[in-house]
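Please open the structure in your viewer and keep the sequence panel beside it, since each stop on this tour begins with a selection.

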Amino acid sequence: MSITLNHTIVPALDNEVAARFFASVMGLDYRGADRHFAPVRVNDSLTLDFMSVENPVGHHLAFDVDPSSFDEILARLDSAGVPYGNDPREPGNGRIDHPLCARGLYFTDDAGNLYEVMSPR
């Protein structure tokens, strides 16, 4: 049996707000909170479960995407006025020349989660 990640808990100041933000940037569906969590299905095998916590400590979550998905994510970030950048220490520098791939970027949410999006072209 291969090992796959089924879900992970993502700390949030407000789980609904964080789930909606992430889903809107990434172009994913968000269908509302379920008990303590606000789940966002990323793909067939992975769900991010946003959970409200008093003092969240941000995580780093990295995603490989195809070039057209990258373009769409970049357009949504620009349209929403969300800062992004090519360096995790400067996620608002506006650059997409990533050190590990042809194009990539980082953006953050209000809980300090650092999202990384990488594309091969």
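Which residues does Asn-113 touch, not counting residues up to four places away in sequence? Select Asn-113 together with Val-10, Pro-11, Gly-58, His-59, Phe-107 and Thr-108, which are the residues it touches under that restriction, contact meaning heavy atoms within 4.5 Å. Before going further, note that this is a predicted model in which local features need pLDDT of at least 70 and side-chain atom pairs count only at pLDDT 80 or more, while totals for chains, interfaces and linings use all residues. Residues are numbered from 1 along each chain as its sequence is written, and side-chain values use heavy atoms, with hydrogens and water left out.

**Around Asn-113**

Asn-113 sits in the loop between strand 5 and strand 6; helices (H or I, at least four residues) and strands (E, at least two) are DSSP runs numbered from the N terminus. With a relative accessible area of 0%, Asn-113 is buried, where buried means under 20% relative accessible area, exposed over 50% and partly exposed in between, for a 1.4 Å probe and protein chains only. Display the side chain of Asn-113 and you will find that it reaches the backbone oxygen of Pro-11 at 2.8 Å. In the same hairpin, which has five residues between its strands, Gly-112 takes a positive phi near 90 degrees.

**Strand 6 and its partners**

Next select strand 6 (114-119), where six of the six residues are buried, so the strand is largely enclosed by the rest of the structure. Leu-114, Glu-116 and Met-118 point one way from the strand, whereas Tyr-115, Val-117 and Ser-119 point the other way. Adding strand 4 (residues 60-64) shows a parallel pairing with strand 6 over five bridges, and adding strand 5 shows an antiparallel pairing with strand 6 over six bridges; two strands pair if DSSP finds at least two bridges between them. Centre the view on Met-118, because it is a convenient place to see both pairings: Asp-64 stands opposite Met-118, and Gly-104 also stands opposite Met-118.**His-98**

Move to His-98, which lies in the loop between helix 2 and strand 5 and, at 6% relative accessibility, counts as buried. Its side chain makes a polar contact with the side chain of Glu-116 (2.7 Å), and a polar atom of that His-98 side chain lies 3.0 Å from the backbone nitrogen of Leu-100. A polar contact is a pair of N or O atoms within 3.5 Å; within protein, one must be able to donate a hydrogen and the other to accept it, and residues adjacent in sequence count only if both atoms are side-chain atoms. Leaving aside neighbours within four places in sequence, the residues in contact with His-98 include Asn-86, Arg-103, Gly-104 and Met-118.

**Helix 2**

Now select helix 2 (residues 67-80), whose 14 residues reach 20 Å from the first C-alpha to the last, close to the 20 Å expected at 1.5 Å a residue, the expected span being 1.5 Å times one less than the number of residues. Colour Pro-67, Phe-70, Ile-73, Leu-74 and Leu-77, which are buried in helix 2. Seen down the axis of helix 2, its buried residues fall within an arc of 120 degrees, so they line one face of the helix; the arc is that of the directions from the helix axis to the C-beta atoms. On the other side of helix 2, Ser-79 and Ala-80 are exposed. Helix 1 (15-26), strand 5 (103-108) and strand 6 are included in what covers the buried residues of helix 2. Just after helix 2, Gly-81 takes a positive phi of about 70 degrees.

**Helix 1**

Which residues of helix 1 are buried? Asn-15, Ala-18, Ala-19, Phe-22, Ala-23, Val-25 and Met-26 are, and they cover an arc of only 165 degrees around the axis, which puts them on the same side of helix 1. At the N-terminal end, Asp-14 caps helix 1, with a side-chain oxygen 3.0 Å from the backbone nitrogen of Glu-16. Helix 1 is followed by Gly-27, whose phi is positive, near 75 degrees.

**The core**

Finish with Phe-50 and Phe-107, the residues with the most contacts inside the largest nonpolar core, which has 26 residues. Such a core is a set of buried Ala, Val, Leu, Ile, Met, Phe, Trp, Tyr and Cys residues joined through side-chain atoms within 4.5 Å. Helix 1 gives the largest share of this core, six residues. Leaving aside neighbours within four places in sequence, Phe-107 is in contact with residues including Phe-21, Val-25, Leu-77, Asn-113 and Val-117.
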